[in-house]
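Thanks for sharing this one. Here are my notes, as numbered points, to read with the structure open beside you.

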Amino acid sequence: MAGAFAAISRAGQARFRQSNQEYQARRARLRASIDAPLIIFGYTGHEDISEFAVFFQETYFYYLTGHDEPGAALIVFPDASKNRAGDSAATSTAPREVLYLPPHNLEEEHWEGPKLGPADPGVAEKTGVESVESYAKLHADLARISGDYPHIYTLLPAPDEDGYPHLANSVAFIRAAAPHAKLKDATPLLDAMRQVKSAGELELMQKAIDASIDAHFDAMRHLRPGLFEYQVAARMKEVHEMAGCEREAYAPIVGAGFNSTVLHYSALKNQINNGDIVVLDVGGEYGGYAADITRTLPANGKFTPRQREIYEIVLGAQNAALAAVRPGARMYEGHDNLQQIVINYFRTHGRDSQGRTLERYYIHGVSHYLGLDVHDPGDRNRPLEPGMVITVEPGLYIPEENIGVRIEDDVLVTADGYRLLTARLPRNVDEIEKIMASALAGARAQNQP
């Protein structure tokens, strides 16, 4: 165990964000794409008032700023636009972007640690934003800006915003300051930007993926009948954190036996029995970026013939979908989209206990975007482009047989096809059984007197 901890410790790295230049480049691209100011609000820190809550930034705001403290807002002005009078709305001396920060609250900071304030020396250089002002000025600045521009971009809420109404509150603030401005939704524009990852983003994603791969290897080596599902998840989370992950990318799924057929099973309360098949959908988050990996393992290290049959069918479907990943391919629309490839494969391979084809047991989508969110936003019918990162995750879930199998990998679309970011983690049945058998033999040797 000590040796394992030493290896994990060496793999750990400081939790640095990307460079200021990365965020500046994104804002420059944004300025070239808008014809009016865009305002976006970070989280306030009041979204979760539990004493156990840890602050994590709103992802669109973080994508543009890298600023990870509560209570901030950002305005980005267009490169060139006209005000209502037809004159240039921007001057050579006016800032192209303004970050609004709350002033210091020394009593709060005594409890929570120092924060960055708008009047701190070198604050513009530290944040990388051209101009930094006090949040108290935002209301008046919005009122002034609305006199120069007929509309303002922001993130508009859905009709029924889930959870804490962050976007609804943000829109209410804008409407109070600029009641006559027309609000336009910036979400599609930002989603399109986020779909194609930069080299810096891919570096952070690979760190999240590598830590998650290590956690899955740990599960392969230590999974045993008699363990509880939560014990397996606990070890995997520990590997993530020792490697520098701030948190889990999503609630860990470790489902044994019947629970393997429950797609988002998160109770983790059952004991793992001999002969169970176990679905492990567990991924960490590093530098704000998510990994999303699923493997399906035999609890005792050996698939039964039927478990192996279903596993091989799912693996075949995944390989068929992976073979189609390239620029121009589509996940859910058009000829030979990834979803249809998987459905067709399940329709032509294998049968259930009643002799029916297996596509009825495939009840979810094959793919989603991956990035700052585990289900990253964006048009899922957009043709794939180099730099996009998607999952490929077919699965079959047969409750009457207590067999659920999902295999999920993270895939970078390249100029001529794809690169499997999770390639280091085996998918082949024989490789998985070999790793598990070797670990079991080693454990038995250690326990001998």
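1. Let me begin with the charges over rings. In this predicted model, Arg194 sits over the face of Tyr60, 4.6 Å from the centre of the ring. A second case involves Arg247, which lies over the face of Phe56 at 3.8 Å from the ring centre.

2. Arg194 also leads to helix α8, which spans residues 187–195. Which residues of α8 are buried? They are Thr187, Leu190, Asp191, Met193, Arg194 and Gln195. The elements that cover these buried residues include the helices α2 (20–31) and α3 (59–65). Strands contribute to that cover as well, among them β1 (38–41), β5 (151–154), β6 (182–185) and β13 (389–392).

3. Strand β5 is worth a stop of its own, and His151 is a good place to look, since this residue is found in β5. With a relative accessible area of 10%, His151 falls under the 20% limit and is therefore buried. Setting aside neighbours within four places in sequence, His151 contacts Asp35, Ala36 and Pro37, together with Lys182 and Lys184. The C-alpha atoms of His151 and Leu183 are separated by 5.7 Å, although their positions lie 32 residues apart along the chain when counted as sequence separation.

4. Now the aromatic pairs, of which the count comes to six. Phe228 and Tyr230 make a stacked pair, with 5.5 Å from centre to centre and 25 degrees between the planes. Both members have some accessibility: Phe228 is partly exposed at 27%, and Tyr230 is partly exposed at 44%. For Phe303 and Tyr311 the ring centres are 5.2 Å apart and the planes stand at 50 degrees, so this pair is tilted. Here the burial reads otherwise, as Phe303 is buried with a relative accessible area of 6% and Tyr311 is buried at 0%. Elsewhere, ring pairs join Phe41, Tyr135 and Phe173 into a cluster.

5. Next, a helix contact that you may like to view along the axes. Helix α9 (residues 199–222) and helix α13 (residues 429–447) have axes that come within 7 Å and cross at roughly 60 degrees. An angle of that kind makes α9 oblique to α13. Which residues meet there? From α9 they are Phe217, Met220 and Arg221, and from α13 they are Ile432, Ile435, Met436 and Ala439. The contact of α9 with α13 divides into six nonpolar residues, one charged residue and no polar ones.

6. Val366 deserves a look too, in the loop between α12 and β13. Is Val366 buried or exposed? Its relative accessibility is 0%, so Val366 counts as buried. Beyond its neighbours within four places in sequence, Val366 is in contact with Met331, Tyr332, Leu338, Gln339 and Val342, and also with Thr391, Val392, Glu393 and Pro394. Val342 is 24 residues from Val366 in sequence, and their C-alpha atoms are 7.5 Å apart in space.

7. Two residues other than glycine have a positive phi that you may want to check by eye. For Asp336, phi is near 55 degrees. Asp336 is placed in the loop between α11 (305–323) and α12 (338–348), and at 48% relative accessibility this residue counts as partly exposed. Asn402 likewise has phi near 55 degrees. The location of Asn402 is the loop between β14 and β15, where a relative accessible area of 39% makes Asn402 partly exposed.

8. Finally, please look at Glu401, found in the loop between β14 (395–398) and β15 (403–406). Glu401 is partly exposed, at 22% relative accessible area. What does Glu401 touch, not counting residues up to four places away in sequence? The contacts are Arg306, Asp352 and Ser353. Of these, Asp352 is 49 residues from Glu401 along the chain, with 9.1 Å between the two C-alpha atoms.

Key: Residues are numbered from 1 along each chain as its sequence is written. This is a predicted model: local features need pLDDT of at least 70, side-chain atom pairs count only at pLDDT 80 or more; totals for chains, interfaces and linings use all residues. Side-chain values use heavy atoms; hydrogens and water are left out. Axes are lines fitted to C-alpha atoms, for helices over the stretch in contact, and angles run from 0 to 180 degrees between N-to-C directions. Helices (H or I, at least four residues) and strands (E, at least two) are DSSP runs, numbered from the N terminus. Angles under 35 degrees count as roughly parallel, over 145 as roughly antiparallel, 65 to 115 as roughly perpendicular and the rest as oblique. Contact means heavy atoms within 4.5 Å. Ala, Val, Leu, Ile, Met, Phe, Trp, Tyr, Cys and Pro count as nonpolar, Asp, Glu, Lys and Arg as charged, and the others, Gly among them, as polar. Rings of Phe, Tyr and Trp (its six-membered ring) pair if their centres lie within 6.5 Å; planes under 30 degrees apart count as stacked, over 60 as edge-to-face and the rest as tilted. Buried means under 20% relative accessible area, exposed over 50%, partly exposed in between (1.4 Å probe, protein chains only). A charge sits over a ring if NZ of Lys or CZ of Arg is within 6 Å of the ring centre and within 35 degrees of the ring normal.
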